[in-house]
Structures are given as C-alpha cells and as structure tokens.
Amino acid sequence: MDSITILWADDEIELLKPHILFLEEKGYEVIPVTSGVEAIEEMEEQPVDLVFLDENMPGLSGLDTLPIIKEKYPQVPVIMITKSEEEHIMDEALGSKISDYLIKPVNPKQILLSVKKHTEARRLVSEKSTSSYQQQFREIAMRMGETRSAEEWADLYRKLVYWDIELTSSEDDNIHDIFRSQKQEANQQFCRFFERNYIDWIGGRDEKPLMSHTVLKEKLFPLLEEDKPTFLLVIDNFRYDQWKYLQPTIEQYLRTEQDNIFFSIIPTTTQFARNSMFGGLMPGEIERKYPQYWVNEDEEGYKNQYESELLTENLRRHGLNIRTSYSKVLNAQFGHKLLDQVPNMMQNRLNVIVYNFIDMLSHARTDSNIVRELAADEQAYRSVTLSWLEHSPLLEMIKDLSERDVNVVITTDHGSTRVSSPVKVKGDKEVSVNLRYKQGRLLDYNAKEVFAVKDPASLFLPRRHITSPYIFAHEDGFFVYPNNQNQYTAYYMNTFQHGGISMEEIMIPFIILGKK
C-alpha cells in the first residue's frame, strides 16, 4: 500500500492518541492539529489524502473550516466527527459535501473502516473485480464452446458486457489483456455461428431469434393493446453495453421491466436495419411491396425518409388502427422543443422518437481528432455516451415520462464495433462505400476473410445487378482498397463502424420500462 496521509483536526487531539497510534500501526501517516486554522495551514504545506474534522472546535469550527477546504482541495475526502446528532448539523455538513460523518465516541474499527472506504475503495474494488473475473474466466470459456442457440449467445454476451463494464475499475493491465482476448475469441465464434444460421433464420427454415423485422410485432405491439400511450425511443447506433452503462441513470426515473436482446439484420446499417424494424419486413420485401418507400444506395435521396410511412403500414397490416406520432431529433434545440409537445402526444397510442446523437458521435469520431481522443476506446465511448445522456433532451424526456402513466421503450436499429483489421477488396466504381459491407459487380476478395453471399435474394435484400453479391466484414475487420491501403488504414483504424457482423453490431437492446 502506498503511504496514505491523514490530517486529523480536533481541539482534544491528545485524547485521540490511541486512535492515531492504531492508524500508524496499520501503515498510515497521521498529522494531528488542534484547530481549523492549523488544518488549513498544514494542507497548504503538504498534500494529504484524507481529513478527519471535528465539528465543534473553538474559533474556526469544523463547519466553518469545511467549505474552505472543499474550495481549495475539492478532491480530498473530508470526514466530519461530531458529538451532535441534530439534523440541521448533518444537513449543513452534507450540504458542504462531506464524504462521511462519525458520531463521538468513535472506536478504532470505525475509523479504519472509514479510512479504507475513502482512500482504498478504488483499489479494493479493482482487486475484487479482477479476482472475480479470474474465477469466471474458465466458465465463460467453457460456455463459448457449448453455446449452440441464439438465446444462449445473447446470455453469454450479457455476461461479457457485465465483465467489460465491471473491469473498468481494475488497474491490472494483464486482466484487461486477458479479457480482450476472450472477447475477441467470443466474437470469432459468434460470427461463425451467425453466418451458419442467418440465411435459415430469415428464410423460415429454422427457429429464428427476435430480429429487426419481427421485434415490433413481438415486443411493441402487445403494449399498444393497453389503454395508455407508449413512447418508443429509438437511439440510432446504440449498443447493448452502452445501455447497461446508462441503465443506472435511467433507472433513477423508470423501472426496467424487460431487458431484451434482439438480433439486427445485415447489413447492420440504418438504411437496412431501421427500415426493416419499422416496416416489419426484410428490405427486399419492402422494395417489392412498397417500392415508393425504398431508396436504393445508388439512388439520390435520404435512405430513411419513409420510416413513418413504413411504420403506419406495419401497424395497419396487424390491425392496429391507432393514433401515432413520429419525430426525429437531430439536435438539442429540437429535442427540447419536443418536450413541449408531450401533453399533446398523450392523446396518441404510440409516439416514436428517433435520437441520432450516437450515430453522429460515431461518424464524428472518425472525422475529428478531438472526438477520437474523447472516445478513444470502448470505455471512453461509453463514458461519452453517458455524458451526452446526462445533458440531453432525451433524459429530460425520460424525466417527464416518468411522471405520467405511459409505457416507455428504448431500442435501436444496430450497434457498432471498433475496427482494427484491414481487409483488402477490389471492385468497380459502383461498389457500395460502407467499410463493413460491400455490394457490387466484379468484387475481388479473399473468401476466408469475409462472409460472402452471391445471391442477394437469399438475404431478402434488393439486388442492383444479377452479378452483385454482398460481402460482409466480420469481427473487427474493415475493407480497404489496395491502391490507397496505407492511407485508408491509418484513417479508419480503431474507429467505430457498422454494417458487418460482430456481437456489438448484431445483438442490441430492446428495453421496456415502466413507472417506478
């Protein structure tokens, strides 16, 4: 343990010598002072890790000293020690941001526990997390080898996401390396599983998991039979690990009733996956049944401009003739303005609100060095997402809805993955531009490095040309052209992309929330 310095301010400090000796025997350095003035002077002379502050010292009292300390040294934990249990004393102390308080007479065990809690908590949590994961490592490895169904893969992914977040507190670089290797292996096995089964799922030849084109029918439409409004909040490009990271903040206002994982269709892009979700059909079926609502990649126009119409047709096909609203939030100004419309939305059975921030963050991270630094890795990417939520109109919407009798659903269209392995591909000028999938004529690729499907019809995808196969990058791959490979690789390396096949892109949240 690195030496931890404790400043103890009490006008009766001589009476506390047994406690001080106890702490020194445990390896702590204790600086005793007898007044608030001395405490401030001592902190100006040397750094301290923790302060014990007597509330009722003569002259500059503990309550008077506390705000001075917190103004100058806001990061230093201050523990108030008081003889009084009066509520107003505690209110004043807590209002000044004390870390803890103890009632006299204190005993050595109380003191030691408080010191450990506020100076060693991070280390203890780190050690506990590391030890627990080491115990789970073998079980996760065995489960990977035994996982045979989509439901089992969703459960395994939940466990990996749990440890991904839990190990954030660990300061052990080795355990992070071990986890990354295990997650990489899981992604390899998941991609093989997905590629073996996907065409059978969508073709109806095997029992399929909850997917983009079935999730609203299976999970949302039953809610619409209830006699109250439902708000469907769609966060574009929202991963399951981001949901778990944001969940504690959201659960301050709403209670999680169902935590579902569903499987995005491929390509895992807004054009295909979100149109499919709203339309309740595969993209090729949408193009055939509603050609006026489908815009191909090589055609001009916004590729998702008919989401509201597709949703209306989906509801109508299932006999749900209800009042709905559809809104897309592209900036905070409109998001705040939308809050004023909530009373009017209460007249609708279904209100759909699409929030585009995370998708914009993903693209901005590719194009901006500043954003790249802010979201440098998985942990930072989650943290930026949480920071956005805490200051976003989405959280204001959640707060408002928490006070109303409504159903709230949070979901997405697809996730994204951090790419780090360039995969060479060649093609003509009409080949699609996405980094994680390609469609076009004369595609030249290594079949071992991609998931290739020569007949788009088998994927229920639109076919631009008879000889236009689809290829998908899996795991952490991204497509590069040989003629500018080095420049392309350097620009896109370690960015978050979507369109291909990975656990992060495919297995995504559909969360049903209710009133607390």
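Tyr488 is buried, with a relative accessible area of 17% (buried means under 20% relative accessible area, exposed over 50% and partly exposed in between, with a 1.4 Å probe and protein chains only). Keep in mind that this is a predicted model, where local features need pLDDT of at least 70, side-chain atom pairs count only at pLDDT 80 or more, and totals for chains, interfaces and linings use all residues. Residues are numbered from 1 along each chain as its sequence is written, and side-chain values use heavy atoms, with hydrogens and water left out.

**Around Tyr488**

- Tyr488 sits in helix H20 (residues 485-492); helices (H or I, at least four residues) and strands (E, at least two) are DSSP runs, numbered from the N terminus.
- Setting aside neighbours within four places in sequence, Tyr488 is in contact with Leu435, Phe478, Phe479 and Val480 (contact means heavy atoms within 4.5 Å).
- Strand E17 (residues 477-480) has Gly477 and Phe479 pointing one way and Phe478 and Val480 the other, and all are buried.
- E17 runs parallel to strand E12 (residues 421-426), joined to it by 4 bridges, and Lys424 stands opposite Val480 of E17.
- For a long-range pair, take Tyr488 and Asp49: they are 439 residues apart along the chain, and their C-alpha atoms are separated by 48 Å.

**The mixed sheet**

- An open sheet of 6 strands runs in the order E7-E19-E10-E6-E9-E8, with mixed pairing (two strands pair if DSSP finds at least two bridges between them).
- Strands E7 (254-263) and E8 (324-329) are at the edges with a single partner strand each, so one side of each is left without a neighbour in the sheet.
- On average, neighbouring strands here are turned by 15° against each other, direction ignored (axes are lines fitted to C-alpha atoms, for helices over the stretch in contact, and angles run from 0 to 180 degrees between N-to-C directions).
- Inside this sheet, strand E10 (residues 407-411) and strand E19 (residues 507-515) run antiparallel and are joined by 4 bridges; Thr411 stands opposite Phe510 of E19.

**The parallel sheet**

- The other open sheet described here has 5 strands in the order E2-E1-E3-E4-E5, with parallel pairing.
- Its edge strands are E2 (29-33) and E5 (100-103), each pairing on one side only.
- Neighbouring strands of this sheet are turned by 20° against each other on average, direction ignored.
- Strand E4 (residues 78-82) pairs with E5 in the parallel sense over 4 bridges, and Thr82 stands opposite Ile103 of E5.

**Nonpolar cores**

- The largest nonpolar core has 82 residues, and Tyr198 and Met507 have the most contacts inside it (a nonpolar core is a set of buried Ala, Val, Leu, Ile, Met, Phe, Trp, Tyr and Cys residues joined through side-chain atoms within 4.5 Å).
- Helix H8 (residues 173-203) gives this core its largest share, 10 residues.
- Leaving out neighbours within four places in sequence, Met507 is in contact with Trp153, Ala154, Tyr157, Phe190, Tyr240, Ile261, Phe262 and Phe263.
- Apart from that core lies another, of 22 residues, among them Leu220, Leu223, Leu232 and Met277.

**Helix packing**

- The axes of helix H1 (residues 17-25) and helix H5 (residues 108-119) come within 10 Å and cross at roughly 50°.
- H1 and H5 are therefore oblique to each other (angles under 35 degrees count as roughly parallel, over 145 as roughly antiparallel, 65 to 115 as roughly perpendicular and the rest as oblique).
- His19, Phe22 and Leu23 of H1 make the contact with Pro108, Ile111, Leu112 and Val115 of H5.
- Over in helix H13 (residues 307-317), the buried residues are Glu307, Leu310, Leu311, Glu313, Asn314 and Leu315.
- Those buried residues of H13 pack against helices H9 (215-220), H11 (270-279) and H12 (283-289), plus E8 and strand E9 (350-355).
- Gly319, just after H13, takes a positive phi of about 70°.

**Two buried polar residues**

- Asp164, in helix H7 (residues 150-166), is buried, with a relative accessible area of 14%.
- Not counting neighbours within four places in sequence, Asp164 is in contact with Phe179, Lys183 and Arg382.
- Ser416 lies in the loop between E10 and strand E11 (417-418) and counts as buried at 0% relative accessibility.
- Beyond residues up to four places away in sequence, Ser416 touches Asn237, Arg239, Tyr381, Phe496, Gln497, His498, Glu504 and Glu505.
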